[in-house]
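Biologist: I'm new to this one and would like a close look at a single part of it. Could you pick one sheet, walk me through it along with whatever packs on it, and then tell me how the rest fits around it?

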Amino acid sequence: MCQLLGVSYSEPKPFNKLFAEFRKRGESNPHAWGVAYWAGDGHGPAVIREARTANESPLAAALASAPVPAMVIVGHVRLGTTSGKWSLRSTANAHPFLFRVGEADWAGAHNGYIRGIGPTVHHPVGTTDSEAFFCAVADELELSKAKLTEEKMDAVCRAAGKYQNSGKLNFLLSDGENLFFSANHPATVGGLYFREIKRSGQRALIVATRPLFTDEGWKEAEPGWLYVAREGRVVKKRRILPVFTGKTQLTMFAREEGPRAAVTPAGKRRYRSYIDYWEDQVAKKRAANYH
């Protein structure tokens, strides 16, 4: 599956060593990579996206070796699930996605798939459900005229609540000051982990799909909660309340223990959750397209 990387620092700090470790995950997520980062000087974000495998990209290698300072980072390596070669090779479908609300540029990255996103005022450039989701978030932020962090949290929670039970919704989102992150299922089955570090008076918060460097010190992000990090630590969290939109709501959580998928005596596969079922179908479709 796609991999996410989010970082919030208490002061501008080079992130190349962290990115160098993260880009290795491009090997199993080969279709695109991207990074948005804010330097903390009132400008930005700088956004780099490429429809290429991260661990084979000269551009990604350069970023991994350059000590560029940043305050906030949103990173992504993509395993494409939309059909067609154009989709997989398109920079338009690479994360993070950039959108403007009021006087601020936002960037967002998503891991998973979402069903039933309706028409939005902000229009996607590419063909992914991920970008469509961030268009819905942008609409909610703009409609609410959110300026304070609490107001932004309310808007993001409302947008995410509409799709909490309609797919796999792990996402990072930032306005350059706050780093929002959320997952709608446990970290152990593909959600998010985060780690807060304090050294020599400096703070850093790292969010990732899987722990980086070490397993020590990482916490599981609680499913169905929106976290807000600023200046290297979590400052707020809020439960996302699912909103029934009149469309089919799908259960995201595993209901039985045991292996991811089992074969019944009748020869049919039994899945722990809709997530497992969908990922299996995507894998079959991808294999068919490549053969």
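Modeller: Here is a walk through one sheet, its helices and its turns, followed by a shorter look at the other sheet.

Before we start, keep in mind that this is a predicted model. The protein has 6 helices and 15 strands, and of its 291 residues, 51% count as buried. If you take the contacts with a separation of 6 or more, 65% of them are between residues 24 or more positions apart.

The part to zoom in on is an open sheet of 6 strands, with antiparallel pairing and the order 5-6-7-8-12-13. At its edges you'll find strand 5 (97-101) and strand 13 (233-239), each of which pairs on one side only. Going from one strand to the next, the twist averages 25°.

Let's begin at the strand 5 edge. Just ahead, in the loop between helix 3 (85-88) and strand 5, sits Pro96. The peptide bond joining His95 and Pro96 is cis, with omega at about 0°. As a rule, side chains in a regular strand alternate between the two faces of the sheet. You can see that alternation along strand 5: Phe97, Phe99 and Val101 point to one face and are buried, while Leu98 and Arg100 point to the other and are not.

Strand 5 pairs with strand 6 (residues 104-114) in the antiparallel sense, over 5 bridges. Phe97 stands opposite Gly108 in strand 6, and Leu98 has Ala107 across from it. The hairpin of these two strands has 2 residues between the strands, and there Gly102 takes a positive phi near 65°.

Now jump to the other edge. Strand 12 (225-230) and strand 13 are antiparallel partners too, over 6 bridges, with Val228 opposite Lys236 in strand 13. This hairpin also has 2 residues between the strands. Glu231 lies in the loop there, and its phi is near 55°, a positive value in a residue other than glycine. With 48% relative accessibility, Glu231 counts as partly exposed.

Next, the helices. Helix 4 (residues 129-144) packs on the sheet and touches strand 5, strand 6 and strand 7 (167-174); its direction makes about 15° with that of strand 5. Helix 5 (residues 149-161) lies across strand 6, strand 7, strand 8 (179-183), strand 12 and strand 13, and runs at about 45° to strand 13.

These two helices also meet each other. The axes of helix 4 and helix 5 come within 9 Å and cross at roughly 140°, so the pair counts as oblique. Their crossing is right-handed. On the helix 4 side, the residues involved are Phe133, Ala136, Val137, Glu140, Leu141 and Ser144, and they meet Lys152, Ala155, Val156, Arg158, Ala159 and Ala160 in helix 5. Sorted by class, this contact has 8 nonpolar, 1 polar and 3 charged residues.

One residue in the loop between strand 6 and helix 4 deserves a stop: Ile117. With a relative accessible area of 21%, Ile117 is partly exposed. Leaving aside neighbours within four places in sequence, Ile117 is in contact with Asp129, Ala132, Phe133 and Tyr163. Phe133 is a name you have met already, as one of the helix 4 residues that meet helix 5. As for Tyr163, 46 residues separate it from Ile117 in sequence, yet the two are 7.9 Å apart in space, C-alpha to C-alpha.

That leaves the surroundings. Another open sheet has 7 strands in the order 3-2-4-1-10-9-11, again with antiparallel pairing. Strand 3 (46-50) and strand 11 (219-220) are its edge strands, each pairing on one side only. Helix 2 (residues 58-65) lies across strand 2 (32-38) and strand 3, running at about 35° to strand 2. In the loop between strand 2 and strand 3 you'll find Pro45, and the peptide bond from Gly44 to Pro45 is cis, with omega near 10°.

Within this sheet, 7 bridges join strand 9 (residues 193-199) to strand 10 (residues 202-208), and the two run antiparallel. Tyr193 has Ala208 in strand 10 as its bridge partner. The loop between strand 9 and strand 10 holds Ser200, which has a positive phi of about 50° although it is not a glycine. Ser200 counts as exposed, at 79% relative accessibility.

Technical notes:
Residues are numbered from 1 along each chain as its sequence is written. This is a predicted model: local features need pLDDT of at least 70, side-chain atom pairs count only at pLDDT 80 or more; totals for chains, interfaces and linings use all residues. Side-chain values use heavy atoms; hydrogens and water are left out. Two strands pair if DSSP finds at least two bridges between them. Axes are lines fitted to C-alpha atoms, for helices over the stretch in contact, and angles run from 0 to 180 degrees between N-to-C directions. Contact means heavy atoms within 4.5 Å. Angles under 35 degrees count as roughly parallel, over 145 as roughly antiparallel, 65 to 115 as roughly perpendicular and the rest as oblique. A crossing is left-handed if the near helix is turned anticlockwise from the far one by less than a right angle, and right-handed if clockwise. Ala, Val, Leu, Ile, Met, Phe, Trp, Tyr, Cys and Pro count as nonpolar, Asp, Glu, Lys and Arg as charged, and the others, Gly among them, as polar. Buried means under 20% relative accessible area, exposed over 50%, partly exposed in between (1.4 Å probe, protein chains only).
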